[in-house]
Amino acid sequence: KFDLRLYVLVMGCDPLRIFLHQQGLVRLATVPYVAPTGKNLLKQTMHLTNYAINVKNPDFEENTNPEDVHDGHKRSLQAVMQYLKDSGHNTEELMEEIEAIIIKTLISVQPSLSHVYHSCQPDDTANHMCFEILGFDIMFDHQLKPWLIEVNHAPSFATDSELDSQVKRKVLQDCFTLLNLSPETKKRFKKEVRQQFEKRAMGKKDPKDKKLDRAQRSEGRYEIREELAKQRTEWEENNCGDFRKLYPTPEKEEQYAPHFESALHIWETLTGAQTRKPIASRARRKEEEEAREADEKAKAKAKAAASKEKLDKAKLAKAQAALEPMTVSSTKTNLDDEGGVIGSGDDRGDENDTDSERQDGFSVRSSELPPSCQPAGGSEDRDPAAEDTSTPTTKKKSRPRPDVLVGEVVRVQTNLGWERVVVRRKHSSGRVDIQFEDGELMRQVLPRILKATTAPAPKEDALPPAT
């Protein structure tokens, strides 16, 4: 029985920046595997592959040749993968499945990780303040399907053998090169932090920021992030060593977009709060909105052109019908009191038609006149397109949030269900500070409120039962 120890570097959380090192370890159990029974269930060196457990077995063999796939109970990942490839297995497809496991695992915690990160580093625009080397333990079943066993946030970097030294030193060297750490960068960062702190202490703001609204400042920060991410990508492509970027890539961003949306929905449902959308999601959403707007404009333009063409044809047909010569018998012409021609014998049979006077002595029905000659208020004055757009539309109204006052006892939704809290403070943004029965205080949250009461503010150590 054996498992794989893979080293994954996380260099950013919003958006995620994930790298997988090509070096790794394969750890074998020191006792041949037998299906679990009541007699052998307690044999740890048979069922567990942990190095710390198997190294205590007298039968444990240390690796002396990292290139030998059959040497020792700890072996090189590259040697084992080459052995599987020589045995006829598709190792490329196998690694793609392992990479998918790594990406999905980190996506599942991205909303929580991003929330904590931005709470601690609200002014960071480089997404480069922290990093972590994780140890992913992967195990194959009898069909060579990979399964995630656990993720170690602090994998061991002890070097008990030549193989350990070769693999782990390479992981650390490539990691520090990829991070691009330098004393100059540290000094520059400390200087910027000190300047920002001094401005806040003195109540000073950048004059440029006063002229910009919130949306413009947000757009400016987004552009700065994009430029910094571009610079980091260029550095990573030229200095990644044995690390290989798993995420983000254009293909992976599109492929795993539904997983991000599901992770965000689950996190918001459990916490009752809202989190920042990942930068990659915001950029993709912006592109989709721009494409949707362009498509709608093109459709509206085509519809307007078709409507105009149809209307022009109708006008032309009516004008032609109005200008057609009419034969009128002079013996059947009726005169009004002023001697004007008001109609012909051919028109008298239709008493419902409205006649319009013409100077040439011919009577023309209003329905045959071109639109420019129609009488005001006639049926031909109305534009069909205008009638279609004049129909009022009913916009669905969102249900308003309950209004609460400071000191009220309310029920809010948490990951433990509906809990009673006391409203301690209201902010201008609509968010509130709430205190739970156990004394825990949450600041500037926007929880889902079940019901508000008008009871007076209770003591912090004793809350009345919710009504």
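Here are some short exercises on this predicted model, each with a worked solution.

Residues are numbered from 1 along each chain as its sequence is written. In this predicted model, local features need pLDDT of at least 70, side-chain atom pairs count only at pLDDT 80 or more, totals for chains, interfaces and linings use all residues, and side-chain values use heavy atoms, with hydrogens and water left out.

**Exercise 1. The overall picture**

Find how many helices and strands the protein has, and what share of its residues is buried.

Solution. Start with the secondary structure: there are twelve helices and 15 strands, taken as DSSP runs (helices H or I, at least four residues; strands E, at least two) and numbered from the N terminus. Next comes burial, where buried means under 20% relative accessible area, exposed over 50% and partly exposed in between (1.4 Å probe, protein chains only). By that rule, 32% of the 467 residues count as buried. Finally, take the contacts (heavy atoms within 4.5 Å): among those between residues at least 6 apart in sequence, 58% join residues at least 24 apart.

**Exercise 2. A network of charges**

Trace the salt bridges that Arg27 makes, and say which strands they tie together.

Solution. Recall the criterion first: a salt bridge is a side-chain nitrogen of Lys or Arg within 4 Å of a carboxyl oxygen of Asp or Glu. Now look at Asp3, which forms a salt bridge with Arg27, their closest N and O atoms being 2.8 Å apart. Asp3 lies in strand β1 (residues 2-13) and Arg27 in strand β2 (residues 16-28), so this pair ties together parts that are 24 residues apart in sequence. Then turn to Asp137, whose side chain meets that of Arg27 in a salt bridge at 3.2 Å, N to O. Since Asp137 lies in strand β4, the pair with Arg27 in β2 ties together parts that are 110 residues apart in sequence. Check burial as well: Arg27 counts as buried at 12% relative accessibility, and Asp137 is buried at 2%. To finish, add Arg5: Asp3, Arg5, Arg27 and Asp137 are linked in a network of salt bridges.

**Exercise 3. A glycine in β4**

Decide whether Gly135 is buried or exposed, and list what it touches.

Solution. Locate Gly135 in strand β4 (residues 132-140). Its relative accessibility is 0%, so Gly135 counts as buried. Leaving out residues up to four places away in sequence, Gly135 touches Arg5, Leu6, Glu150, Val151, Asn152 and Pro155. One more distance is useful here: Gly135 and Ala154 are 19 residues apart in sequence, and their C-alpha atoms are 7.2 Å apart.

**Exercise 4. A pair with an exposed partner**

Work out where Asp403 and Lys426 lie, and how accessible each of them is.

Solution. Begin with the pairing: the side chains of Asp403 and Lys426 meet in a salt bridge (3.1 Å, N to O). Asp403 sits in the loop between α12 (384-389) and β11 (409-414), while Lys426 is in strand β12 (residues 417-426), so the pair ties together parts that are 23 residues apart in sequence. For accessibility, Asp403 is exposed, with a relative accessible area of 59%, whereas Lys426 is partly exposed at 36%. To put the pair in context, a search of the whole structure finds 13 salt bridges.
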